[in-house]
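Trainee: Got a minute to go through this model with me? I'd like to start with the aromatic side chains.

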Amino acid sequence: MKQLKYGFYGEDDAHKIFLQNYLSHFVETVFFERDEVFCEKFRATNRKQVDTKFAIVARTGLGWYQHEAFFVVRDVDSLHPSEFDERYTHFLKEKIDKLLIALPVQCIEHWLWYLKHKKDNPDLTKNISLESQPRKKVKFILYGYEDPPNEISNPIVNGLSKSFDASWLEQRSESFKHFHSQVKAFINKLV
């Protein structure tokens, strides 16, 4: 097993928690270790900061902090494919090697809602699209609030993302599939 130090830059704790739990899926091949010092020092609080500062933060992490991978996570805030493509192109144009980009359609809570739906309906095989629902509705379904404090949302995010079938989720969400494909390709280059 290869150990790999990574940096992260995203909008909020939900992104950080989901990413950490997701990366634990690969522990047999790669042990991803988040650079806590870096991630506390370079922390975004909104999407505008992610958009405008990600390149300098990623280059700092990959260069000065010697990260072996860098993850940027930013909600697309839309369900239109053109918005997804525009966001992805925005991050790619900086040509940063070892940059992995997660862009949940609308918000990461949609990925989490899929996981909750699977947990609540384990025998359901029908593929239902949940990403067209408004963000506030999804957050209320998950957390009981449209804009919950971290004390409420973080344990729920952790509980839903702690253990899940990534192959199942990539069959439900194109945005997750896009991210999951990047990570698998990155790992395949390492081994």
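Mentor: Start with the cluster that ring pairs build from Tyr 6, Phe 18, Tyr 22, Phe 26, Phe 32, Phe 71, Trp 111, Phe 164, Phe 176 and Phe 179. Rings of Phe, Tyr and Trp (its six-membered ring) pair if their centres lie within 6.5 Å; planes under 30 degrees apart are stacked, over 60 edge-to-face, and the rest tilted.

Trainee: What should I know about the model and the numbering before we go on?

Mentor: This is a predicted model, in which local features need pLDDT of at least 70 and side-chain atom pairs count only at pLDDT 80 or more, while totals for chains, interfaces and linings use all residues. Residues are numbered from 1 along each chain as its sequence is written, and side-chain values use heavy atoms, with hydrogens and water left out.

Trainee: How many aromatic pairs are in the whole structure?

Mentor: The search finds 21. Take Tyr 6 and Phe 71: their ring centres are 5.3 Å apart and their planes stand at 85 degrees, so this pair is edge-to-face.

Trainee: Which strands do Tyr 6 and Phe 71 lie in?

Mentor: Tyr 6 is in strand E1 (residues 2-10) and Phe 71 in strand E3 (residues 69-73), so the pair ties together parts that are 65 residues apart in sequence. Helices (H or I, at least four residues) and strands (E, at least two) are DSSP runs, numbered from the N terminus.

Trainee: Is Phe 71 buried or exposed?

Mentor: Phe 71 is buried, at a relative accessible area of 0%. Buried means under 20% relative accessible area, exposed over 50%, and partly exposed in between (1.4 Å probe, protein chains only). Phe 71 also pairs with Phe 179: the centres are 6.2 Å apart and the planes at 70 degrees, so that pair is edge-to-face. Phe 179 belongs to helix H9 (residues 174-190), so here the linked parts are 108 residues apart in sequence. Tyr 6 and Phe 179 are buried as well, Tyr 6 with a relative accessible area of 1% and Phe 179 with 1%.

Trainee: And how many of the residues of E3 are buried?

Mentor: Five of its five. Ala 69, Phe 71 and Val 73 point one way, and Phe 70 and Val 72 the other.

Trainee: What does E3 pair with?

Mentor: E3 pairs with E1 in the parallel sense over five bridges, with Gly 7 opposite Phe 70. Four bridges join E3 to strand E4 (residues 99-102), also parallel, and there Phe 71 stands opposite Leu 100. Two strands count as paired if DSSP finds at least two bridges between them.

Trainee: Switching to pockets. How much space lies in the largest pocket?

Mentor: About 290 Å³. A pocket is an open set of points on a 1 Å grid over the protein atoms alone, with protein on both sides within 12 Å along at least five of seven lines; a cavity is a set where a 1.4 Å probe fits but cannot get out, and lining residues have an atom within 4 Å of a point. Grid points are joined across faces, edges and corners, and the volume is the space filled by probe spheres set on the points.

Trainee: Which residues lie nearest the centre of that pocket?

Mentor: Of the 18 lining residues, those are Asp 12, Asp 75, Glu 109, Lys 139 and Asp 147. By class, the lining has four nonpolar, four polar and 10 charged residues. For the classes, Ala, Val, Leu, Ile, Met, Phe, Trp, Tyr, Cys and Pro are nonpolar, Asp, Glu, Lys and Arg charged, and the others, Gly among them, polar.

Trainee: Which helices supply that lining?

Mentor: Helix H1 (13-23), helix H6 (135-143) and helix H7 (150-161) each supply at least two residues. H6 gives the most, with three.

Trainee: Anything more on H1?

Mentor: H1 is mostly covered, with 10 of its 11 residues buried. At its start, a side-chain oxygen of Asp 12 comes to within 3.2 Å of the backbone nitrogen of Ala 14.

Trainee: And cavities: how much space lies in the largest?

Mentor: About 70 Å³, and the structure holds one cavity of 30 Å³ or more. Its lining includes Tyr 114, His 117, Trp 168 and Arg 172. Helix H5 (108-120) and helix H8 (166-172) are the elements that give two or more residues to the lining, and H5 has the largest share, three residues.

Conventions:
Polar contact = N/O pair within 3.5 Å; in protein donor to acceptor, adjacent residues only side chain to side chain.
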